[in-house]
Amino acid sequence: MDLGAITKYSALHAKPSGLVLQYGTAGFRTKAEHLDHVMFRMGLLAALRSKQTKSTVGVMVTASHNPEEDNGVKLVDPLGEMLAPSWEEHATCLANAEEQDMQRVLIDISEKEAVNLQQDAFVVVGRDTRPSSEKLSQSVMDGVTVLGGQFHDYGLLTTPQLHYMVYCRNTGGRYGKATLEGYYQKLSKAFVELIKQASCSGDEYRSLKVDCANGIGALKLREMEHYFSQGLSVQLFNDGSKGKLNHLCGADFVKSHQKPPQGMEIKSNERCCSFDGDADRIVYYYHDADGHFHLIDGDKIATLISSFLKELLMEIGENLNIGVVQTAYANGSSTRYLEEVMKVPVYCTKTGVKHLHHKAQEFDIGVYFEANGHGTALFSTAVEMKIKQSEQLEEKKRKAAKMLENIIDLFNQAAGDAISDMLVIEAILALKGLTVQQWDALYTDLPNRQLKVQVADRRVISTTNAERQAVTPPGLQEAINDLVKKYKLSRAFVRPSGTEDVVRVYAEADSQGSRLVIWIFIICPLHILFKVPAKPGQSTVSALNRDGDICQLRSLSHFRVE
Ligand code: 16G
Ligand code: MG
């Protein structure tokens, strides 16, 4: 490690004094103008991680669904996964080190992780379409180079495409070719093969409207569409030609506002979907004949996919297990449907893709989705072996095994991927002859609301049981329990956000339970912000009526309902 060179180049990517950032659920994210030093340092760190693992490591420059002025960076581990937790801590230390401490921090990390500094390093870099991304990704590459590593700059990529490239490069090409052409061909070939098996391939299944959030998804889908056009024609909206990234459009907007994006004209019963800004999330929706908007979120996507995969396994007659992984935000109706109707075991993890991904690896087939549309399916080597042996099976089983083989190829197993998930969904709908309304009708979501409480320090809340129970502050969970037990099919929880200084409150109940939501949204902020006993009743009402700080709550100035 040439410490002299590191010091010299680090000064060219100086850290603004006093700035402290944390490697959160999805890496670093903040205003783009504060990120140059972080990018350089993440280049250094990626080179160290690559030396340690003797593998290619990825760095993606994106801030996903955040506003265009923001940016961010996350590292991709050798199997296309999120960075290991101990390295997340190193990332935070390195990003916050003062200039004079940089050498010591780098040496510390190398020693703790037993990095052989003589080892070669190779890092692949991708970026989204933000105006700041090109320069910031250049700073990443500067960092890699100063540490003696080599890099390949893929330029503009969706986040899941970068995960795919890393995975391909570290599995000797067995997963696919580490090029865009390789990605397009692998997915499109699988999709077209599947569509050929569909008996219903009328117009209804052939076209889809896609809102690309004015982001990278538009560019990549446009490059890809001619590869799969014999099976599906896509009409792109918010393709970046005029609107602003993620502004009034994209998966995050549609999911949190429960309304269609701007810039898309929707006729009744037309199938539509939205990607987020870096195309790793997808949600579907449609307008019914009465003009009502219906959202089909990650939960319903998981249901469609896992039902289909379970049916295929049953046809093949193999004793392979399948599990669905969700988070606390999964609508209770989806969990009930999966467990009680589909008889598929469901597991809950903490929020954040890496937690779901790891849990899903425990099954022969693990399907994971967050309600917000992040997700994919993972397949064990046992499944792949069974498929290889399928030549000896009778014809019906062989056909199902072939279908499973194509579905496996169509999923991006390195990361949730809006383009790949879209093609999987389109293939399943066509194969099963389901319309978007029939898919939506599998179950009815319980009414639910989310609230965001602005706090100085989100650590006032700590949780257990996959974030479904609050441990601190004392008394809060008991009060939630007392309320929840009074309403049918109800659930509520509070958790600290992993991405911003807020506490999130979630409540759901059957249509009679709107009072639960109101009470939960009153008692939780009062308890968190002002330590007022979290019980509906005299003390809460008098707290709401008192002058001073607490009165501000009545104008809802402390929190926002989303
Ligand atoms: C990040 C996570 C997403 C999670 C969201 C929750 C990844 C790639 N992204 O966007 O999975 O749903 O954060 O944010 O892991 P919160 O902790 O602020 O609620
Ligand atoms: Mg994203």
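**View 1. R495, S497 and G498 make polar contacts with ligand 1 in this predicted model.** An N or O atom in the side chain of R495 is 2.8 Å from an oxygen atom of ligand 1. S497 offers a polar side-chain atom, 2.5 Å from an oxygen atom of the ligand. G498 uses its backbone: a polar atom there is 2.6 Å from a ligand oxygen. The protein buries 92% of the 450 Å² that ligand 1 exposes when taken alone. A polar contact is a pair of N or O atoms within 3.5 Å; within protein, one must be able to donate a hydrogen and the other to accept it, and residues adjacent in sequence count only if both atoms are side-chain atoms. Areas follow the Shrake-Rupley method with a 1.4 Å probe.

**View 2. The shell around ligand 1 holds 15 residues.** Each has a heavy atom within 4 Å of the ligand. The closest are E370, S497, G498, T499 and R504. By class, 3 are nonpolar, 8 polar and 4 charged. Gly counts as polar here, while Asp, Glu, Lys and Arg count as charged.

**View 3. Helix α1 has buried residues on one side.** α1 spans residues 3-12, and its buried residues are A5, I6 and S10. They cover an arc of only 125° around the axis, so they lie on the same side of α1. The arc is taken from the directions from the helix axis to the C-beta atoms. K8 and L12, on the other side, are exposed. Buried means under 20% relative accessible area, exposed over 50%, partly exposed in between (1.4 Å probe, protein chains only). The cover over the buried residues includes α2, α4 and α5. Helices (H or I, at least four residues) and strands (E, at least two) are DSSP runs, numbered from the N terminus.

**View 4. Q413 is buried in a loop.** The loop runs between α15 and α16. Q413 counts as buried because its relative accessibility is 9%. A polar atom of its side chain lies 2.9 Å from the backbone nitrogen of F379. Beyond its neighbours within four places in sequence, Q413 is in contact (heavy atoms within 4.5 Å) with residues including Y167, Y175, H357 and E384.

**Numbering and cut-offs.** Residues are numbered from 1 along each chain as its sequence is written, with chains lettered from A and ligands numbered from 1 in the order in which they are written. Local features need pLDDT of at least 70 and side-chain atom pairs pLDDT 80 or more, while totals for chains, interfaces and linings use all residues; side-chain values use heavy atoms, leaving out hydrogens and water.
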